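Student: Could we walk through the packing in this protein together? I'd like to see it first.

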Amino acid sequence: MEAMIERLKSLPGKTGFFYKNLETGETINWNENEKFIPASVIKLPVMMAIFKMAERGEADLSEKIRIRHEQKMPSCGALNSFTGEPEIDILTLCSLMITISDNTATNVLISHFGTEKLNRKFAQMGLADTRVNRLLFDMEASRKGIQNCATPKETAFLLEELHCGRFVSEKVSEEIKEILLRQQINHKIKEKLPPGTRAAHKTGEDDYISNDAGIIYASQPFIFSFFSNDTKVSEVNSFMRDAAAELFERCSEGR
């Protein structure tokens with residue numbers, strides 16, 4: 001594993017990594033507690049906080065929210081293509097937010113629940129450094145230095161809670177994993193894995209940012225949580241593909 005650490009050190013910009021074999025407990029750590037701009041990986045704790053609120057009666061996943069024209073965001077997603085102002089239930093918005101990384105769905109959910117409430121839930125979920133501080137594409141807030149943040153290790157912690165069925169309940173953990181397994185953006189950690197390999201993950205990407213974090217179901221399932229800021233996206237994406245494939249092989253040996 002020393003070779004992987006050396007390659008991590010050689011990557012451009014700021015990088016962080018946390019790997020854990022969920023059967024043996026083996027880990028690889030690199031800047032795992034550093035704070036990063038998570039881009040769309042922030043959508044994972046947002047969804048989990050909403051499910052936690054729903055289980056406690058503080059949210060209704062069947063509640064419908066009208067998507068206003070002014071809320072429609074560019075890039076990833078489908079809601080910005082609607083000609084009208086559809087009413088979409090919260091569960092569907094969560095699914096769109098994860099599976100196709102819908103930015104409109106994300107901003108609608110953040111606005112609906114509010115950053116203060118979501119951050120309180122993050123703290124209750126055991127997160128000390130993960131915060132949602134602004135909407136996506138809020139350039140004014142970004143220019144002021146207001147950013148969302150997360151760490152590789154805290155993201156891995158959330159994924160392990162899901163894997164072990166400890167997040168709220170086994171049923172809720174399974175429901176969230178099922179959404180993550182339907183991820184359609186698979187050109188990073190899943191790209192070089194054997195066909196049919198299951199990966200419950202969430203990507204994140206912006207200018208000079210590329211992240212991916214998930215549970216990869218090798219014979220011995222493992223967590224792969226990688227963040228990079230101020231980087232060369234093509235180079236870190238190549239690292240993620242190669243590292244995930246190498247770790248998949250390592251976690252499949254002898255099984």
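Student: Leaving aside neighbours within four places in sequence, which residues is Leu180 in contact with?

Tutor: This is a predicted model, where local features need pLDDT of at least 70, side-chain atom pairs count only at pLDDT 80 or more, and totals for chains, interfaces and linings use all residues. Residues are numbered from 1 along each chain as its sequence is written, and side-chain values use heavy atoms, with hydrogens and water left out. Contact means heavy atoms within 4.5 Å. On that basis, Leu180 touches Leu44, Met47, Ile98, Leu159, Leu162, Ala199, Ala200, His201 and Lys202.

Student: Which helix gives the most to the largest nonpolar core?

Tutor: A nonpolar core is a set of buried (under 20% relative accessible area, 1.4 Å probe, protein chains only) Ala, Val, Leu, Ile, Met, Phe, Trp, Tyr and Cys residues joined through side-chain atoms within 4.5 Å. This one has 47 residues, and Met47, Ile50, Leu93, Ile176 and Leu180 touch the most other members. Contributors of at least two residues each include H3 (90-99) and H8 (170-181); helices here are DSSP runs (H or I, at least four residues), numbered from the N terminus. The top contributor, with eight residues, is H2.

Student: How many residues are in the second, separate core?

Tutor: Its members include Ile216, Phe222, Phe224 and Met240. Met240 is also among the buried residues of H9. The count for this second core is 23 residues.

Student: At what angle do H1 and H9 pack?

Tutor: Their axes, lines fitted to C-alpha atoms over the stretch in contact, are 11 Å apart. Angles run from 0 to 180 degrees between N-to-C directions. H1 is roughly antiparallel to H9 (over 145 degrees), with an angle of about 170 degrees.

Key. Buried < 20%, exposed > 50% of the residue type's maximum accessible area, 1.4 Å probe, protein only. Parallel < 35°, antiparallel > 145°, perpendicular 65-115°, else oblique.
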